[in-house]
Amino acid sequence: MKFILTKELGRLSKWLRILGFDAAYFKQGNASSLIIEALRDGRIIITRNQRLPKSGGIQIVLIRQENLKGQLQELLNTLKISLERQAMFSRCIICNVELKDIDKKEVKLRVPAYVFETQEHFVICPKCNRIYWPGTHWGNVEKALERIGKNGIHS
Ligand SMILES: [Zn+2]
């Protein structure tokens, strides 16, 4: 299931990526270019814009909640999907591409010394070359998920 989120849902799009969803972010352009992009990639449009024209072959999810937790819950409920723990932390938060494993010895000069000392597993974004490791970039995610509630999460 792939998504495209309109510009007012930037935070939600980052969170969907953290949670492992393919979530494109439509920053600028008009409704027809949004629809073309959604059709081209087979994406569901996620928006708060109630005036978006309906278009054949396109699924639109209208988000009404104001806060992130509510928005995420609303999306999961509307599409009847739940979170898959093994999919989480598999995508670059910035680029929305899948991360690749990288050898620890290759990141030595590219991460802070204490991180290199204390972490064993690193992954890299093939597009922006950002390096991720558990506990730092994603440190508060687990906590936030606890707040969202474990009901929707399959471990
Ligand atoms: Zn990236």
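**Strands, sheets and Ile 124 in a predicted model**

Me: What strand order and what pairing does the open sheet of three strands have?

Reply: The open sheet of three strands follows the order S6-S7-S8, and its pairing is antiparallel. At its edges stand strand S6 (100–102) and strand S8 (131–132), each of which pairs on one side only. The model is predicted, so local features need pLDDT of at least 70 and side-chain atom pairs count only at pLDDT 80 or more, whereas totals for chains, interfaces and linings use all residues. Residues are numbered from 1 along each chain as its sequence is written.

Me: How do you know that S6 and strand S7 pair?

Reply: Two strands pair if DSSP finds at least two bridges between them. Three bridges join S6 to strand S7 (residues 122–124) in the antiparallel sense, so the criterion is met. For Asp 101, the bridge partner in S7 is Val 123.

Me: What makes S1 and S3 a pair?

Reply: Strand S1 (residues 2–6) and strand S3 (residues 43–47) run parallel and are joined by four bridges; the requirement for pairing is therefore satisfied. Ile 4 stands opposite Ile 45 in S3. Both strands belong to an open sheet of four strands with parallel pairing, in the order S2-S1-S3-S4. Its edge strands are strand S2 (22–26) and strand S4 (60–62).

Me: Why is residues 10–18 called a helix, and which strands does helix H1 lie across?

Reply: Helices are DSSP runs of H or I of at least four residues, strands are runs of E of at least two, and both are numbered from the N terminus. H1 spans residues 10–18, so the length requirement is met. H1 lies across S1 and S2, at about 160 degrees to S2. Helix H2 (residues 31–41) lies across S1, S2 and S3, at about 170 degrees to S1. Such angles run from 0 to 180 degrees between N-to-C directions, with axes fitted to C-alpha atoms, for helices over the stretch in contact.

Me: Why is Ile 124 called partly exposed?

Reply: A residue is buried if 20 or more other C-beta atoms, placed from the backbone, lie within 10 Å of its own, exposed if 12 or fewer, and partly exposed in between. Ile 124 has 19 such atoms, and is therefore partly exposed. Ile 124 is found in strand S7.

Me: Which residues are in contact with Ile 124, leaving aside neighbours within four places in sequence?

Reply: Contact requires C-beta atoms, placed from the backbone, within 7 Å. On that basis, Ile 124 is in contact with Leu 99, Lys 100, Ile 102, Asn 129 and Ile 131.

Methods: Two residues are in contact if their C-beta atoms, placed from the backbone, lie within 7 Å.
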